Amino acid sequence: MKITILAVGRLPRSPEVELVKLYVDRATAAGRSLGLGPVDVIEVESRKPGKGPEADVLRPHLEGAHVIACDEHGTARASRAFAAEIGRLRDDGVRRLVFMIGGADGLDPSLLAAAHGKLAFGPQTWPHAMARAMLAEQVYRAVTILAGSPYHRD
């Protein structure tokens, strides 16, 4: 199952971008034998501001995918539950899983309504670069949990 982090905006070179790359590469390598991956990041930009134009550039990347929207009103998941969800989707035959991160104002209501689920990182507000890094880390953690690696919370 291919896993994509789809995000509005292109990030400049930064420590967060390096973290995202590190965790995406690790998740891709660790997930091969589990039928997970590759994991990639797609950044899109709209020529016009606002949720509607951002939705227009996100939509083409969602066709045929199981979509989980990152949204402050979503459900926070413990790492094991997050891993179990990814494993269940893989086992159910989902071929593409897309985690979608909107722009500064969030995601268009039509995209939220069409998403198969919503994921929150807790009640705090996080910069987009940190949200991407946290999501990439959690995808990597999920892959290692599904691989049976020791998990410090056990």
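Begin by selecting G102, which lies in the loop between β4 (96-101) and α4 (109-114). Helices (H or I, at least four residues) and strands (E, at least two) are DSSP runs, numbered from the N terminus. The structure is a predicted model, in which local features need pLDDT of at least 70 and side-chain atom pairs count only at pLDDT 80 or more, while totals for chains, interfaces and linings use all residues. Residues are numbered from 1 along each chain as its sequence is written, and side-chain values use heavy atoms, with hydrogens and water left out.

**Stop 1: G102 and its surroundings**

Keep G102 selected. Is this residue buried or exposed? G102 is buried, with a relative accessible area of 5%; buried means under 20% relative accessible area, exposed means over 50%, and partly exposed lies in between (1.4 Å probe, protein chains only). Next, add V8, L107 and H128 to the selection: G102 touches these residues, not counting residues up to four places away in sequence. Contact here means heavy atoms within 4.5 Å. In the UniProt record, an unreviewed entry, the annotation "binding site" covers G102. UniProt positions are given in the numbering used here, feature names are shortened, and annotations may be inferred rather than shown by experiment.

**Stop 2: the whole chain**

Now show the entire protein chain, which has five helices and five strands. From the N terminus on, these elements follow the order β-α-β-α-β-α-β-α-β-α. The radius of gyration is 15 Å, close to the 15 Å that the globule rule gives for 154 residues, so the protein chain is as compact as a globular protein of that length. This radius is taken over C-alpha atoms, and the rule is 2.2 Å times the number of residues to the power 0.38. Along the principal axes, the C-alpha atoms fill a box of roughly 45 × 35 × 25 Å.

Of the 154 residues, 43% count as buried. Among contacts between residues at least 6 apart in sequence, 84% join residues at least 24 apart.

**Stop 3: the cis peptide bond**

Select G37 and P38. The peptide bond from G37 to P38 is cis, with omega near 5°. P38 is found in the loop between α1 (15-31) and β2 (39-44).

**Stop 4: R77**

Move to R77, in the loop between β3 (66-75) and α3 (79-91). R77 is partly exposed, with a relative accessible area of 25%. Which residues should be added to the view as contacts of R77? Leaving aside neighbours within four places in sequence, R77 is in contact with F82, E85, K118 and L119. Then select F121: R77 and F121 are 44 residues apart in sequence, and their C-alpha atoms are 8.1 Å apart in space.

**Stop 5: two exposed residues**

Select A114, which is found in helix α4. A114 counts as exposed, at 58% relative accessibility. With S79 also selected, a distance of 24 Å separates the two C-alpha atoms, and A114 and S79 are 35 residues apart along the chain.

Finish at K48, whose place is in the loop between β2 and α2 (51-58). K48 likewise counts as exposed, at 57% relative accessibility. Add L119 to complete the tour: K48 and L119 are 71 residues apart in sequence and 26 Å apart in space, C-alpha to C-alpha.
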